[in-house]
Amino acid sequence: KRPNPNSFSIRESVDDGGRSLIRSPSGACDGDLVDQATSSTPVFVYVLAFFSALGGFLFGYDTGVVSGAMLLIKKEMNLNALWQELLVSSTVAAAALSALTGGFLNGWLGRRICILVASAIFTAGGLLLSFAPDKGVLLVGRIIVGLGIGIASMTVPVYIAEVSPTHLRGQLVTINSLFITGGQFIASVVDGAFSYLSHDGWRYMMGLSVVPAVLQFFGFLFLPESPRWLLQKGFSQEASRVLSRIRGRSDVDEEFETIKASIDEEKDSDGPVILRILNHGPTRRALIVGCGLQMFQQLSGINTVMYYSATILQMAGVRDDKQAIWLAAATSATNFVFTFVGVWLVERVGRRKLTLGSLLGTGLSLSLLAVGFLLSAQHSPSITLHPVDLYNSSCSHYGSCESCMLDPSCGFCYRENTTEVYDSSCVPVDEASSDHAAWGRCSNQTDLSPFWAYNYCPTSYSWIILMGLILYLAFFAPGMGTMPWTVNSEIYPLWARSTGNACSAGVNWIFNVLVSLTFLHVAQFLTYYGAFFLYTALVVLGMFFIWACLPETKGLQLEDIEQLFNGPTCFCGDMSPNDDRHVQYAPVNNYNSCHSDNDGSDVD
Ligand SMILES: O[C@H]1[C@H](O)[C@@H](O)[C@H](O)[C@@H](O)[C@H]1O
């Protein structure tokens, strides 16, 4: 029977000794989660999730490792700011491109081959980076790694969602996000450890990524293709065999038939998938929601925090390079630890509440960060010395550290005692290295020379900024860090899944480049507090969007989710599918243990 747009039937197979249960979309029976006989979920599914999520780990590791590696590379290869920016953002830009094209590869070659290709690319990129003789080869290596990241970022969540049993899907896909933040954390620890090896330390930092890449490659040689993709390509027997293997039982007919039915429905349509997605209401709406989620994830400024945490910490008053690197490791540890909260909550409170709660906390923490920067700016030390500037640079015109620091060509040179900053001047930065001034007292760093602050000002409000940073990550990680990937892996029907995920992952990477590349410029125009108030405003917009448009997908079989998008794109919080009014219950195998809270007419 075809579901009508305002109601949907929920099929949920549970391996509980031959019976099948019907669940409400909230996954609840009598207000509780159905006992899902979780113990019968074969270990094999976890093995699959682990090996796939290594792709997430590499995504995190390779995007994270560069900040610490850069501190060493720039000294060894004498890199100017442009080259540094190139080495950081080329990877992200390449990831955007390959995520977009990955959709085609994913549909054509299958999830498994794509993951194999991604791990081969990661291995080649890692090797090239660690043996790079010059900056040109480094750039090529960073681009190659980016290509791997893009493919992995869109394929892994899809693969995990397709092999997971419904009741564990959210959790298992979210584990991929855990591996992303775990990769970023390990990268920051590796950065810290090898930062003491000033010569060639970066080669180890970059090269270590080869280990998980090779592990994933060999693992996937033995792991199966997604049964959904197999069935779509007509390999029915193989699909049924894989399905039985990952469900740990031979009786998988019901799930098999549901997948098959959803594929058969699409058999007649042809034309480019993206056009079909756009012409078909429910998939178009799903795409808007999926891309919107990914866009707002990046607009909430996560990567200004992740990529610039060492700089932000310096702004907050941490002066020593090594200390800043270790504190940056502490920030990525916070991101990692709080992703566990997301894994724990996703099947308990659902995607929608988790995302909304996370955004609310993220917005509040961003405003705290902004207030911290505002106070620092208002109490910024004034400039007391005006040395003769032979080159008449803009630096000699500034009256306070704040305005001096916001000019990328200047830095703040000062002495301080326990209570105040004194003997301060604003002088041009050395073009070859921002570690010292172009001339004068701060051009040659000795133990006796004054302090040199580039990009930050000494302030006594560091604690507010630090607190804001930690709170920001604690709120961001469980919801906004994870849900955009999780929700995107589930909201498209099979025929649109690869392309839908490719588009939304592409949007994620494009906004990642935009936000991280513009951060320092935005800060220069709007000041640091202005920049963080701007991110706060974007988070508020994101909250409206998610409150209005994101339906709850928890507890639904993948094949049923499309029906959530039958109505208008945005239901303004009104038509939450968690609201049992729209749920139809259909008996399966003559056994129905759940009852609607509503009147009998709801019960089929
Ligand atoms: O979900 C991830 C994660 O939160 C990372 O910390 C961030 O760097 C990525 O850009 C994001 O997509």
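Tutor: Rings of Phe, Tyr and Trp pair if their centres lie within 6.5 Å. Keep in mind that this is a predicted model.

Student: OK, how many aromatic pairs does a search of the whole structure find?

Tutor: The search finds 21 aromatic pairs.

Student: Take Phe 194 and Tyr 204. Are their rings stacked or edge-to-face?

Tutor: Planes under 30 degrees apart count as stacked. The planes of Phe 194 and Tyr 204 are at 15 degrees, so this pair is stacked, with ring centres 5.4 Å apart.

Student: And where in the chain are those two?

Tutor: Phe 194 is in helix 5, residues 166–194, and Tyr 204 is in helix 6, residues 201–207. The two are 10 residues apart.

Student: Buried or exposed, those two?

Tutor: In between. Phe 194 is partly exposed, at 23% relative accessible area, and Tyr 204 is also partly exposed, at 45%.

Student: Which residues form one aromatic cluster?

Tutor: Phe 373, Phe 519, Tyr 528, Phe 532 and Tyr 535.

Student: New topic: sheets. In what order do the strands of the open sheet stand?

Tutor: The order is 5-4-6, three strands with antiparallel pairing. Strand 5 (421–428) and strand 6 (451–453) each have a single partner strand, so one side of each has no neighbour in the sheet. From one strand to the next, the twist averages 25 degrees.

Student: How many bridges join strand 4 and strand 5?

Tutor: Six bridges, in the antiparallel sense; strand 4 covers residues 410–416.

Student: What stands opposite Arg 415?

Tutor: Tyr 422, in strand 5.

Terms used:
Residues are numbered from 1 along each chain as its sequence is written. This is a predicted model: local features need pLDDT of at least 70, side-chain atom pairs count only at pLDDT 80 or more; totals for chains, interfaces and linings use all residues. Side-chain values use heavy atoms; hydrogens and water are left out. Two strands pair if DSSP finds at least two bridges between them. Helices (H or I, at least four residues) and strands (E, at least two) are DSSP runs, numbered from the N terminus. Axes are lines fitted to C-alpha atoms, for helices over the stretch in contact, and angles run from 0 to 180 degrees between N-to-C directions. Rings of Phe, Tyr and Trp (its six-membered ring) pair if their centres lie within 6.5 Å; planes under 30 degrees apart count as stacked, over 60 as edge-to-face and the rest as tilted. Buried means under 20% relative accessible area, exposed over 50%, partly exposed in between (1.4 Å probe, protein chains only).
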